[in-house]
Amino acid sequence: MSTSKVQIALVLPDLLGTYGDFGNAVVLEKRMTWRGIPAEIVSVKFGEPVPNSCDIYVVGGGEDTAQTLAVRHLREHPGMQHAAARGAVILGVCAGIQIFGESFTRADQVTHPGLGLIDSTSHAGGSRAIGEVIATPADGLFEGLLTGFENHQGRTVLGPSARPLAHVKVGTGNDGSVEGAVQGRILCTYLHGPVLPRNPQIADLLIEWATGAKPAPLDLPDVTRLRAERAKAAGVPV
């Protein structure tokens, strides 16, 4: 880890914070603090350099214009990409999965180069995917169903170096079949909610990657109730 504290970079929340995805950084910080692991959130706003020294980077969702501005900023300030090269943990949500790939094509049919962090391409689909998603973990990556709320028009195709995060039971995800992407210590998803409050098992997976140790269990009945409620609303009991 970079310092005595686990540093969580909340990247461009003023551009990529449309859906409350800053909550993912808060959940990571709280779940470590509750376990006695010192952690802090480092907010990096538009126009500010991105540090390359953080342990975890969190990128949220945003609209087309915000995505284009974010890619431009991250190319000019490549601290996150440098951190990825040394094995830092990165979470990309919605816009994140698109800009982390090799390229993304917006609804105006203009293709923009991505950051090349994951082996994927994204393009605008014919219809917008809106609603609850339920998916099962791929390759035993985590336990329990993945749940979340999607609101996007993007469709993402994974290349051979990336693997899906989960297989879709309800909803669309990347393409109606698989949801998200994992490559090294980079984890991406289309799901909001935010995704980590709704899926603490994924938060703990990211913490394990960052600290090198499996986190001690936490008993949070409210989270269990929320997961059961949202899964039932989607027609798939947990």
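Reader: Helices are DSSP runs of H or I with at least four residues, strands are runs of E with at least two, and both are numbered from the N terminus. In which helix is Gly-79?

Author: Gly-79 is placed in helix α3, residues 79-85. This is a predicted model, in which local features need pLDDT of at least 70 and side-chain atom pairs count only at pLDDT 80 or more, while totals for chains, interfaces and linings use all residues. Residues are numbered from 1 along each chain as its sequence is written, and side-chain values use heavy atoms, with hydrogens and water left out.

Reader: Is Gly-79 buried or exposed?

Author: Gly-79 counts as buried because its relative accessibility is 6%. Buried means under 20% relative accessible area, exposed means over 50%, and partly exposed lies in between, with a 1.4 Å probe and protein chains only.

Reader: Which residues is Gly-79 in contact with, leaving aside neighbours within four places in sequence?

Author: They are Val-50, Pro-51, Asn-52 and Tyr-57, where contact means heavy atoms within 4.5 Å.

Reader: And what does the residue after it, Met-80, touch?

Author: Not counting residues up to four places away in sequence, Met-80 touches ten residues, including Val-50, Pro-51, Tyr-57 and Phe-100. Met-80 is also among the four residues that touch the most other members of the largest nonpolar core, together with Leu-28, Tyr-57 and Phe-100. That core has 63 residues. A nonpolar core is a set of buried Ala, Val, Leu, Ile, Met, Phe, Trp, Tyr and Cys residues joined through side-chain atoms within 4.5 Å.

Reader: Which helix gives the most to this core?

Author: Helix α6, residues 200-211, gives the most, with 7 residues. A second, separate core of 5 residues includes Ile-134 and Ala-231.

Reader: Changing topic, how many helices and strands are there?

Author: The protein has 7 helices and 12 strands. Of its 238 residues, 55% are buried.

Reader: Where is there a cis peptide bond?

Author: One joins Gly-193 and Pro-194, with omega of about -15 degrees. Pro-194 lies in the loop between β12 (186-189) and α5 (195-198). Most peptide bonds are trans, and most residues other than glycine have a negative phi.

Reader: What is phi for Cys-94 and for Asp-139?

Author: Phi is near 55 degrees for Cys-94, and Asp-139 also has phi near 55 degrees. Cys-94 is in the loop between β4 (89-93) and α4 (95-99), and is buried, with a relative accessible area of 5%. Asp-139 is in the loop between β7 (120-137) and β8 (146-158), and counts as exposed at 62% relative accessibility.
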